[in-house]
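The report below takes up backbone geometry, the contact between chains and the arrangement of domains, and is meant to be read beside the model.

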2 protein chains.
Amino acid sequence: METKKSKKPLKIGKAAARLFNKSGYIETNMDHIAAASKMSKGGVYHYFSSKDEILHFILSNYMDLILDHLESELDEFKDGPSKIKYLISRHIDLYTGNLAEAKTLLHEAHCLPAKYYKTIATKERKYYRIVAEVIKGFLGDRAVDEAQITSLTFLLFGMCNWIYSWYDPKGSVPPEELSEMILTVFLNGVNNYRP
Amino acid sequence: METKKSKKPLKIGKAAARLFNKSGYIETNMDHIAAASKMSKGGVYHYFSSKDEILHFILSNYMDLILDHLESELDEFKDGPSKIKYLISRHIDLYTGNLAEAKTLLHEAHCLPAKYYKTIATKERKYYRIVAEVIKGFLGDRAVDEAQITSLTFLLFGMCNWIYSWYDPKGSVPPEELSEMILTVFLNGVNNYRP
């Protein structure tokens with residue numbers, strides 16, 4: 001019973017994320033979401049009290065996918081380059097495996113009311129800190145200050161996240177090749193970075 | 001007279017771009033734009049028949065800033081690395097010098113109706129082609145295929161454009177240092193890229 005019950009919110013979230021991608025968050029309403037979820041509006045309201053709550057549910061789940069077990073998984077890798085390689089391919093895999101949710105995060109997070117946005121921003125900061133820490137470890141004792149580590153971390157996020165504007169996982173560059181390309185550019189770039 | 005007249009649309013565009021950044025395109029209306037431009041609503045309608053037209057005006061002007069003289073300026077540089085260096089610092093300078101317009105382009109372009117969006121997309125494609133051509137020239141006869149050049153070009157755009165989500169030009173990394181950092185990462189990354 002429990003499993004069956006908890007599948008419905010996920011189904012609503014998936015349908016809503018696809019609608020947000022297609023028409024934008026603001027222009028989507030609860031009627032659209034109910035229709036796309038093949039449920040009555042009352043059925044949707046049984047699980048979510050508002051559209052904001054649905055958006056929050058989608059983004060919070062996606063950030064949990066990104067964060068869950070990340071630190072223990074990273075501990076399995078001994079050296080900086082392997083950790084960075086793992087981070088990039090994991091980021092790209094989660095993105096391509098959850099396109100609607102990932103695009104919703106990048107496009108619509110700013111639509112969330114402050115109280116909801118705060119919990120997402122906290123999770124995003126946690127992810128940022130984990131990635132920055134790995135990059136810092138890789139740079140070792142090279143004289144790179146905190147502001148430069150921050151910038152390098154966001155340059156990596158830039159390469160990984162900007163793909164929402166151009167990348168088609170079904171196109172001629174498969175996700176593994178894209179991950180490898182980002183890794184090569186970033187590792188060689190950072191390796192040769194002398195502030 | 002002509003000069004004075006043509007300043008008003010620019011003033012409206014600047015005020016509107018700031019509002020779009022603050023509240024989002026969809027939630028901003030012509031009343032807000034008139035108030036922020038310190039004009040009557042009739043005054044705004046004298047220059048623009050709709051909010052879509054204002055958004056198109058802002059984005060089209062910004063893309064013109066990016067494209068105007070770009071090719072002849074690039075011709076002044078003889079080698080690939082100098083051309084790429086120039087492209088990056090020009091991109092970052094235009095971004096930091098026109099924050100409201102640049103953020104509007106990255107955030108709100110998808111709100112434009114198709115007929116308006118088409119002219120912006122054409123300009124964006126032209127810019128993409130110029131940058132891809134420079135990267136292709138830099139890579140020379142290395143065995144990199146078109147799909148890989150496309151990917152590398154968008155990785156560069158990713159690093160340059162993602163800054164809208166984190167970068168403060170008045171923070172501890174000045175624009176020149178950011179440009180230099182992107183250049184170092186990209187050049188070393190691409191230089192060592194072996195498909």
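## Two loop residues and two contacts

B:Lys38 counts as exposed because it has 10 C-beta neighbours inside 10 Å, where exposed stands for 12 or fewer other C-beta atoms within 10 Å of a residue's own, buried for 20 or more and partly exposed for what lies in between, with C-beta atoms placed from the backbone. This is a predicted model, in which local features need pLDDT of at least 70 and side-chain atom pairs count only at pLDDT 80 or more, while totals for chains, interfaces and linings use all residues. Residues are numbered from 1 along each chain as its sequence is written, and chains are lettered from A and ligands numbered from 1 in the order in which they are written.

Two residues other than glycine have a positive phi, and the table sets out each with its loop, helices being DSSP runs (H or I, at least four residues) numbered from the N terminus.

| Residue | Phi | Loop in chain B |
|---|---|---|
| B:Lys38 | about 55° | between α2 (30-36) and α3 (41-47) |
| B:His69 | near 65° | between α4 (51-67) and α5 (70-75) |

B:His69 also counts as exposed, with 8 C-beta neighbours inside 10 Å.

The contact between the chains takes 24 residues from chain B and 24 residues from chain A, two residues being in contact if their C-beta atoms, placed from the backbone, lie within 7 Å. On the side of chain B that touches chain A, α10(B) gives the most, with 9 residues.

Within chain A, the domain assignment, automatic or from a database, gives domain 1 (2-50) and domain 2 (55-191), whose C-alpha centres lie 27 Å apart.

Methods
Helix = DSSP H or I, 4+ residues; strand = E, 2+ residues; numbered from the N terminus.
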